[in-house]
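Me: I've got a model open here and a few things to ask about it. Mind going through them with me?

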Amino acid sequence: MLDETSDVRKKSQLSTILRFVRENGCVEERFIGFTDVSADRSADGLLAHVKRTVETYNLADKFVAQTYDGAAVMSGHLTGLQKKVQDEYPTALFTHCYAHVLNLVLSQGMNEIHECNVFFSTLNGISTFSSRSSKRSFAVQQYLKKSIPSFAPTRWCFTSRLVNTIETYREEIIEFFNRINENENDEWKGADRCTAMGFIQYLESFQTVFLLNTFSPLFSQTDLIYNILQSEQADIMTCLNVIRDFGNELKFYRKGVISCKDCKEKETGRDDISCDQCKTVGFK
């Protein structure tokens, strides 16, 4: 298993992990180390690293699988690392990291829905607004007694933290923005007040409340799946069963189960919804 990231010095570090099965059937993982690949991050350069690792640990006749994320240089089916490795070691079947696939499905799926795209972009804006200024960051910490999590487009475990935080502290965050907007001591700039006003209007809208209450329980499920897929003890059948169960949960939600905290309505079908606000978002 290989994954590449940049360190604090902006150098590309490739982490290498070996996953194996002991004679007693227990699955184990061992972190081998980081390798600086800044000079050559091409598929050929990474292939050289794989071959050195195989030779060092005498894995040629035990090399049965490889897994990476979805980057083209890693997963490309023609010139990617996985294809070059399989040419050298035919038994090394490639598996796209399931946790990364889950992130891609959620990210790309949400980008196809305009309202959801705007929703997550606005939450990202709230997070950025509070973190890009030391003054605003300190004010948020003082008022909420906690920070607003950052937004990561390809890491939905971080996005779920942001959604859950704003869903839990929505009223307090609105009050905080109201304090900025009122600007009693003339401590906030006009741009800050204007931005705060826009966030207030968005957070008070029914659509925002609806989406927060929709995604918060949904992310509680995806977080569980993400943790299981990242667990070194998980086997393929466990992963498949978890994904199947999640699919059944989604089918249940799609039948029109709604829990609107503002109107206190809870209905089990789309034909009998009595809440006028719920009807406005298309559940008729």
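Me: Which residue's backbone oxygen lies 2.4 Å from a polar atom of the side chain of Arg 136?

Reply: Before that, note that this is a predicted model, where local features need pLDDT of at least 70, side-chain atom pairs count only at pLDDT 80 or more, and totals for chains, interfaces and linings use all residues. Residues are numbered from 1 along each chain as its sequence is written, and side-chain values use heavy atoms, with hydrogens and water left out. Arg 136 is in helix H6, residues 134–144 (helices are DSSP runs of H or I, at least four residues, and strands are runs of E, at least two, numbered from the N terminus). The backbone oxygen at 2.4 Å from its side chain is that of Phe 129.

Me: Is Arg 136 buried or exposed?

Reply: Buried means under 20% relative accessible area, exposed over 50%, and partly exposed in between, with a 1.4 Å probe and protein chains only. Arg 136 has 14%, so this residue is buried.

Me: Leaving aside neighbours within four places in sequence, what is Arg 136 in contact with?

Reply: Contact here means heavy atoms within 4.5 Å. With those neighbours set aside, the list for Arg 136 runs Phe 129, Ser 130, Phe 176, Trp 188 and Asp 192.

Me: Phe 176 is in H8. Where do the buried residues of H8 sit around the axis?

Reply: In H8, the buried ones are Arg 170, Ile 173, Ile 174, Phe 176, Phe 177, Ile 180 and Asn 181. They cover an arc of only 160° around the axis, taken from the directions from the helix axis to the C-beta atoms. That arc is why they sit on the same side of H8.

Me: What follows H8, and what is its phi?

Reply: Look just past the end of the helix. Phi is positive there, near 50°, and the residue is Asn 183.

Me: How many disulfides are there?

Reply: A disulfide is a covalent bond between the sulfur atoms of two cysteines. The rule used asks for a pair of cysteine sulfur atoms within 2.5 Å. Cys 26 is partly exposed, at 38% relative accessible area, whereas Cys 116 is buried, at 7%. By that rule, the count is zero.

Me: And what does His 49 touch, not counting residues up to four places away in sequence?

Reply: His 49 is found in helix H1, residues 43–56. This histidine is buried, with a relative accessible area of 7%. Not counting those residues, His 49 touches Leu 2, Leu 14, Thr 16 and Thr 35.

Definitions and conventions
A polar contact is a pair of N or O atoms within 3.5 Å; within protein, one must be able to donate a hydrogen and the other to accept it, and residues adjacent in sequence count only if both atoms are side-chain atoms.
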